[in-house]
Amino acid sequence: MAEIQRNRGAAVPVLFVFALVVVAFWYFNHYDPLKLFIVGLLISPLFAIAYLVFSYVGPKQSKLYGLEYITSKLPAVKKAKGHVQFKYKLLWTALIVVLYFALTNIYIYGLNTSQSVDVFASFRAIFAGAQGSLMALGIGPIVTASIVMQLFAGAKIFNIDLQNSQDRAVYQGVQKLLVIIMIFVEAIPQAFGYLVPDASLVTRLNGFAPGYGGFLSQSIIILQLFFGSYLVFLMDEVVSKYGIGSGISLFIAAGVSQQLITGSINWNPVSLTSAVSLINPPAGAIPKTIYILMHSSSGYLVQTGLTQIIFGVPGGIPNPIIALLGTILIFFIVAYFQSSKIELPIAHERVRGARGRYPLQLFYASNIPVILATALLANVSMWTLLFWSSPVLSHVPILGHNALLGSYPTAAQLTQFRISQTTPTGGLAFYLFSPNGLSDWLFPILQPGSAQAILLGHSPLQEAVHVIVFLGFMVVASIIFAKFWIETTNMGPASVAKQIMSSGMQIPGFRRDPKVIEKVLQKYIPAITVFSGAAVGLLAAGANLIGTVGNTSGTGLLLAVGIVIQFYEAMGKEQMMEMHPVIRQFFVGG
């Protein structure tokens, strides 16, 4: 690889900002020289990357080419040289899913799970992880890196053409590097604020390095989080290149399916410390309904039992029947839209009578937009919590402890409302926080007098605004990410027109010209993209408002259904490719 041309003067502003950050750590935390040196060592790679980007003055227009040498050296799973048989793809897929479940049950060494706070508690379903395990960050860093890259590419900040194979290769390489950065960006603030080290480990490390036990134990936790998260990234690549579908999608579907099953048929009582009773029925929606119907008197059933069965209140009884019905309804709606297509007639330019149809699914952008929208919400939740209560970030000017960004419960509110430390009570974080079922928003609005603990001190009008803002954000954000997604994955009108032309096909009645075909596709693809984004955003938000069994969240449910359907279709496609080499050439082009 030729030596990359650089402007050495770019090092001056990068070093200046690096020095400011180190001084900020010293000012807010009063670190001694050794700790300050370690902090500088940890954050120095980020500034080294910044220098490589800003100093690039080579022949390529995009500054991302300054990272080409590093990205080419990153660990990656090599693509298969030939065709991978269906049985081996199925085997690799199954092995990776089993490994995923195994890793969710391997807990972080040296972590005090009873005192740690799960920052992503409300987003566990889509982050495909388990609190306290090596999978604690799940797919969060991967999805966040994708969001950042798409936003930058969509805003033309990278000045990169994704139609060009070289530019696309650099884009994908930088995204891999950004995944590594995001692992540390999400792991470090949590390890130094919400993931509490075990006291015995701190004591042992203090014996080895007096005064540094806590710091070293937090560093050990960060390294374990990095190992688990990067393993998820590599597992996703294995599935993509040697398995069926996407690893990320399979991890989400596996976690959500587990929650759906336990939420529906779990016969253990809601509180495991007490015996099964009418006030402590089985947690699963179906066993709970059967138990209450069999053990209730007619008076209790009319006054309380039906409310427990249908809505899950009072008493915070989980998995109401309305959530189960909502889950089933969402399943059928997604299945219907997933199979609905707009089919454009196409014909071969040379073979007379060879006609076909080019399908455009109504869910054209798939469920990716809602993953990105929910991941953005998760990052808003995490960073507002960090800026509110982190020992370091809460002192940052303007952003630190700013109630407009998001306020979180005091010790008195935790006792009064019986909520988690991660539940926002005000500010932007509150209005973007997802309600969970009718009992979380509709009943408090209709009966505010008996639901002050749910309203968190807000008025019914504020709660109604909260619901509208959350619903609007999910729809708008999903539309925006849908538009970005089709452009970054060569699904836009121009790319599809080139694909049709390269396959020797054309649209009957129109001149065989890429620009002409693109104009025809412009009538369909942008509209379907907007509809697709709006529909998945509305379905995910609507499922959250209705409630879901297993507390999977609407987004998790929507993703699981879509993923299972897509996985079934992918399996059918793989089996077809096994039939004859000609069919395989049609799908993979060789």
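**Close-up views of a predicted model**

**View 1. His-401 in a loop of the predicted model.** His-401 counts as partly exposed, at 46% relative accessibility, in a model that is predicted. The residue is found in the loop between α14 and α15 (411-417). Although His-401 is not a glycine, its phi is positive, at about 50 degrees. Most residues other than glycine have a negative phi.

**View 2. Leu-456, a residue with positive phi in the loop between α18 (452-455) and α19.** The phi of Leu-456 is near 60 degrees, which is a positive value in a residue other than glycine. Leu-456 is buried, with a relative accessible area of 11%, whereas His-401 counts as partly exposed.

**View 3. The crossing of helix α19 (residues 460-488) with helix α22 (residues 525-546).** Two packed helices are described by the angle between their axes and the distance between the axes. Here the axes of α19 and α22 come within 8 Å and cross at roughly 145 degrees, and the crossing in which α19 passes α22 is right-handed. The residues of this contact divide into 16 that are nonpolar, six that are polar and one that is charged.

**View 4. The surroundings of Ser-478 in helix α19.** Ser-478 is buried, and its relative accessible area is 0%. When its neighbours within four places in sequence are left aside, Ser-478 is in contact with Pro-369, Val-370, Ala-373, Phe-473, Gly-533, Val-536 and Gly-537.

**View 5. The largest nonpolar core, with 118 residues.** The residues with the most contacts inside this core are Ile-139, Leu-225, Phe-251 and Ile-252. Helix α14 (residues 368-389) contributes the largest share of the core, which amounts to 13 residues. Apart from this core lies another one of 18 residues, among them Ala-482, Ala-497, Met-501 and Ile-528.

**View 6. Ile-252 and the residues in contact with it.** Leaving aside the neighbours of Ile-252 within four places in sequence, the residues in contact with it are Ala-125, Ile-126, Ala-128, Ile-139, Ile-371, Leu-559 and Ile-563. Ile-139 appears in this list of contacts, and both Ile-139 and Ile-252 are among the residues with the most contacts inside the largest nonpolar core.

**View 7. The buried residues of helix α11 (residues 285-295).** In this helix, Ala-285, Pro-287, Lys-288, Thr-289, Tyr-291 and Ile-292 are buried. The buried residues of α11 pack against three helices, namely α10 (247-265), α12 (298-310) and α13 (321-339).

Notes: Residues are numbered from 1 along each chain as its sequence is written. This is a predicted model: local features need pLDDT of at least 70, side-chain atom pairs count only at pLDDT 80 or more; totals for chains, interfaces and linings use all residues. Side-chain values use heavy atoms; hydrogens and water are left out. A nonpolar core is a set of buried Ala, Val, Leu, Ile, Met, Phe, Trp, Tyr and Cys residues joined through side-chain atoms within 4.5 Å. Buried means under 20% relative accessible area, exposed over 50%, partly exposed in between (1.4 Å probe, protein chains only). Helices (H or I, at least four residues) and strands (E, at least two) are DSSP runs, numbered from the N terminus. Contact means heavy atoms within 4.5 Å. Axes are lines fitted to C-alpha atoms, for helices over the stretch in contact, and angles run from 0 to 180 degrees between N-to-C directions. A crossing is left-handed if the near helix is turned anticlockwise from the far one by less than a right angle, and right-handed if clockwise. Ala, Val, Leu, Ile, Met, Phe, Trp, Tyr, Cys and Pro count as nonpolar, Asp, Glu, Lys and Arg as charged, and the others, Gly among them, as polar.
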